[in-house]
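Thanks for coming. I have one structure to go through today, and I will take the rings before the sheets. Please have a look at it first.

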Amino acid sequence: MARIESKTDKVLLAEHQAGGGKVIAVATLNKPKALNALDLDMAEALLDALRHWQTRDDIACVVLNAEGEKAFCAGGDIVSMFNAMKESQTGIPDFLTDFFACEYTLDYTIHTYQKPIVVWGSGIVMGGGMGLFTGASHRVVTPTSRLAMPEITIGLYPDVGGSYFLPRLPGHTGLFLGLTGANINAADALYLGWADFVAADDAKTALIDALVAHEWEVITDVAEQVSEVISGLAQPALLPQGQVEAVREAIDTACEGESLSQICQQIQAMDAAGNTWLERAKATAAKGSPITAHLVYQQCLRGKGMSLLGCFEMELIMSCRCGEFGEFQEGVRALLIDKDNAPQWRYPNVESVPDDVITTFFTSPWDVHPLAELEKLA
């Protein structure tokens, strides 16, 4: 194994000489005490590494994993974002534009990568972690996996490509997960098509060893060979029971409606009947940001007919507007800064949010979009 220089020690890079003259590239998120929350330095380092590895014929595949057992990546570094918003009294903080533009470029690169990317999604995979996970060609979950887009609790919205992948989940499950911030487990992820493989929690080292030991063949599709290796890993003795499939029909019925207001009312009217997961989802939706609920509704309506790049371009506008409006700042304050868990949302409910306010979140503040360079690569 050869260690590769990285821009930051929060991302460890390594290359392993493998069979057939190939190399297995490994990137490891290395901020376990912060649950590997993705910051700008980490996003830049990962993006540089992926771009470099993509140009090399000897790289068979890339493995993206993380240090620590608790989390692959619990989200973006929203404390840094809060500080930038607090310092900027008006307008969109430059830091937010830089961070989101880099993060979305990284996520888009993973979605469109020309080599297989294996992501080991054990532990917490939320928010920005989902951006790294969902676009990979080989997504692995384990019994400890907990996946979610919980942005409704902080006044943001499910970004990092959520406008693309949420409306493409079965039925209305994507809209429901966005409006409720509900977390799902490995069984749910497989059911929804959000994951491709399941393995035992302690099989990560075995994965890398098996990829290194594999005799890579030129005549066989590389992605198929990666799938074969992953399929040979030790399976968990027991998977947690899925939570979505049992209430899938009720979710689809509740999220079918003429308006966001109707859908929110129908979610609250769902009979949880002692279902703790559903009760928690309803409670989170009821306490969440009404503006976020509108953004989730709109991104699912618009995103289902948009290209992947179009979704990321729309989300950069939305995210920067969130940094300007104040709802996001208040949500982070309540959850992570003051920790009073009592956000003072701008509006008391979804019915009271004016249409022109939501329109602002989809209105570009730029003459030249910061992601314009990606259009040349699309």
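How many aromatic pairs does the structure hold? The structure holds 8 of them; keep in mind throughout that this is a predicted model.

I will describe two of these pairs. A pair of aromatic rings is described by the distance of the centres and the angle of the planes. Take Phe99 and Phe100, whose ring centres are 5.6 Å apart with 70° between the planes, an edge-to-face arrangement. Both Phe99 and Phe100 are buried. They also belong to a cluster linked by ring pairs, made up of Phe95, Phe99, Phe100, Tyr104, Tyr108 and Phe312.

The other pair is Phe325 with Phe361. Here the centres lie 5.3 Å apart and the planes make 55°, so this pair is tilted. It links distant parts of the chain, 36 residues apart: Phe325 is in helix α14, residues 308-325, and Phe361 is in the loop between α16 and α17. Are these two rings buried or exposed? Phe361 is buried, at a relative accessible area of 2%, whereas Phe325 is partly exposed, at 21%. Phe325 has a charge over its ring as well: the charged end of Arg346 sits 4.1 Å from the ring centre. A similar entry for the list is Arg168, which lies over the face of Tyr164 at 3.8 Å from the ring centre.

Now the sheets. One is an open sheet of 7 strands with mixed pairing, in the order β1-β2-β3-β4-β6-β8-β10. Its edge strands are β1, residues 2-4, and β10, residues 197-198, each pairing on one side only.

Let me walk in from the β1 edge. β1 and β2 run antiparallel and are joined by 3 bridges, with Ala2 bridged to Glu15 in β2. The hairpin between them uses 6 residues. Strand β2 covers residues 11-17, and 5 of its 7 residues are buried, so the rest of the structure largely encloses it. From β2 to β3 there are 7 bridges, again antiparallel; Ala14 has Val26 in β3 as its bridge partner. That hairpin has 5 residues between the strands, and Gly20 takes a positive phi near 70° there.

The next step is parallel: β3, residues 23-29, is joined to β4, residues 59-66, by 7 bridges. Within that pairing, Ala27 is bridged to Leu64 in β4. Helix α9, residues 222-231, packs on this sheet and touches β4, β6, β8 and β10, its direction making about 10° with that of β8.

There is also an open sheet of 3 strands, in the order β5-β7-β9, with parallel pairing. β5 and β9 stand at the edges with a single partner strand each, so one side of each has no neighbour in the sheet. Neighbouring strands here are turned by 15° against each other on average, direction ignored. β7, residues 124-126, pairs with β9 over 3 bridges, and Val125 stands opposite Leu147 in β9.

I will finish on one residue, Thr134, in helix α4, residues 128-134. Thr134 counts as buried because its relative accessible area is 7%, under the 20% cut-off. What lies 2.9 Å from a polar atom of the Thr134 side chain? The backbone oxygen of Met130 does. Beyond its neighbours within four places in sequence, Thr134 is in contact with His111, Arg139, Phe165 and Trp194.

How values were computed. Residues are numbered from 1 along each chain as its sequence is written. This is a predicted model: local features need pLDDT of at least 70, side-chain atom pairs count only at pLDDT 80 or more; totals for chains, interfaces and linings use all residues. Side-chain values use heavy atoms; hydrogens and water are left out. Helices (H or I, at least four residues) and strands (E, at least two) are DSSP runs, numbered from the N terminus. Buried means under 20% relative accessible area, exposed over 50%, partly exposed in between (1.4 Å probe, protein chains only). A polar contact is a pair of N or O atoms within 3.5 Å; within protein, one must be able to donate a hydrogen and the other to accept it, and residues adjacent in sequence count only if both atoms are side-chain atoms. Contact means heavy atoms within 4.5 Å. Two strands pair if DSSP finds at least two bridges between them. Axes are lines fitted to C-alpha atoms, for helices over the stretch in contact, and angles run from 0 to 180 degrees between N-to-C directions. Rings of Phe, Tyr and Trp (its six-membered ring) pair if their centres lie within 6.5 Å; planes under 30 degrees apart count as stacked, over 60 as edge-to-face and the rest as tilted. A charge sits over a ring if NZ of Lys or CZ of Arg is within 6 Å of the ring centre and within 35 degrees of the ring normal.
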